[in-house]
Amino acid sequence: MNKFDQKADTWDENPVHFKRSKAIAKAIRNRAPLSQKMKAFEYGSGTGLLSFELQPDLGSITMADNSEGMLEVLNEKISKSEASNLRAIKLDLTEDNLPDEPFDLVYTQMTLHHIKDTETILQDFCDLLTPDGYLCVADLDKEDGSFHGKDVTDVHRGFDRKRLADLMRRAGFSNISFTTAFNMEKETDGITRTFPIFLAVAQKQA
């Protein structure tokens, strides 16, 4: 069972998840030229909190995740909503082929640090985009491992912005910029710490 399957039913009960998605959605709106003509793709969508925030600003949105539990919750939310431009698919880009259709916008929140091969996933995101399409990545700034716990070894401990920008350029992106989208407070080892979450926006080179 995917570890996120176990968290799916209660994911939306955490108010921090809502606050974080709202802040990241606002940052994306401020930094990328969204329009209802755009076809968008969210990778690692979970229960779709970010895409539901962006839904009025975009044309069609495809939400992809590899957790069946998260997708079950997401599909229930889609069916209950009045949104006609949302769909969910099961996809793991570390194992599966890329979708055939191109997208004008690819975005992801708090997913990149769970993917071992950063360079390859950035190349996949670039390949998914139309020429001049936009990539928006929200994730943790470099940290000491406290976010997940220092005994957790299968994740990146955040990202150095300069290093990530270099990887984006190698993957075929330009016009790369960073901003702090949200400061997340989380208790670790009995101490409440603040973890900055950046939003990186880049454009595929035509």
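## A tour from Met 110 through the sheet and its helices

Start at Met 110, which is buried at a relative accessible area of 9%. Buried means under 20% relative accessible area, exposed over 50% and partly exposed in between, with a 1.4 Å probe and protein chains only. Met 110 sits in the loop between β4 and α5. Its phi is positive, about 55 degrees, although Met 110 is not a glycine.

Before moving on, some ground rules. This is a predicted model, in which local features need pLDDT of at least 70 and side-chain atom pairs count only at pLDDT 80 or more, while totals for chains, interfaces and linings use all residues. Residues are numbered from 1 along each chain as its sequence is written, and side-chain values use heavy atoms, leaving out hydrogens and water. Helices (H or I, at least four residues) and strands (E, at least two) are DSSP runs, numbered from the N terminus.

**The sheet**

Select the seven strands next. They form an open sheet in the order β3-β2-β1-β4-β5-β7-β6, with mixed pairing. Two strands pair if DSSP finds at least two bridges between them. The edge strands are β3 (86–90) and β6 (173–188), and each pairs on one side only. From one strand to the next, the twist averages 15 degrees. Angles run from 0 to 180 degrees between N-to-C directions, and axes are lines fitted to C-alpha atoms, for helices over the stretch in contact.

Go to the β3 edge. Strand β2 (residues 60–65) pairs with β3 in the parallel sense, over five bridges. Pick Ala 64: Ile 89 in β3 stands opposite.

Now cross to the β6 edge. Here β6 and β7 pair in the antiparallel sense, over 13 bridges. Select Thr 179; its bridge partner in β7 is Leu 199. Follow the strands to their hairpin, which has two residues between the strands. Asp 189 takes a positive phi there, near 55 degrees.

Stay in β6 and pick Asn 175. This residue other than glycine also has a positive phi, near 50 degrees. Is Asn 175 buried or exposed? At 57% relative accessibility, Asn 175 counts as exposed.

**The helices on the sheet**

Show α5. It lies across β1 (39–43), β4 (103–109), β5 (129–140), β6 and β7 (191–204). Relative to β5, α5 runs at about 145 degrees. Add α6, which lies across β5, β6 and β7 and runs at about 140 degrees to β6.

How do the two helices pack? Helix α5 (residues 118–128) and helix α6 (residues 161–171) meet at an angle of about 50 degrees, with their axes 9 Å apart. They are therefore oblique to each other. Angles under 35 degrees count as roughly parallel, over 145 as roughly antiparallel, 65 to 115 as roughly perpendicular and the rest as oblique. The α5 and α6 crossing is right-handed: the near helix is turned clockwise from the far one by less than a right angle.

Turn on side chains. From α5, select Thr 118, Glu 119, Leu 122, Gln 123 and Cys 126; they meet Leu 164, Leu 167, Met 168, Arg 170 and Ala 171 in α6. The residues of this contact divide into six nonpolar, two polar and two charged. Contact means heavy atoms within 4.5 Å. Ala, Val, Leu, Ile, Met, Phe, Trp, Tyr, Cys and Pro count as nonpolar, Asp, Glu, Lys and Arg as charged, and the others, Gly among them, as polar.

**Last stop**

Finish at Gln 6, in the segment before α1 (8–11). Gln 6 is exposed, with a relative accessible area of 60%. Add Ser 67: the two are 61 residues apart in sequence and 9.4 Å apart in space, C-alpha to C-alpha.
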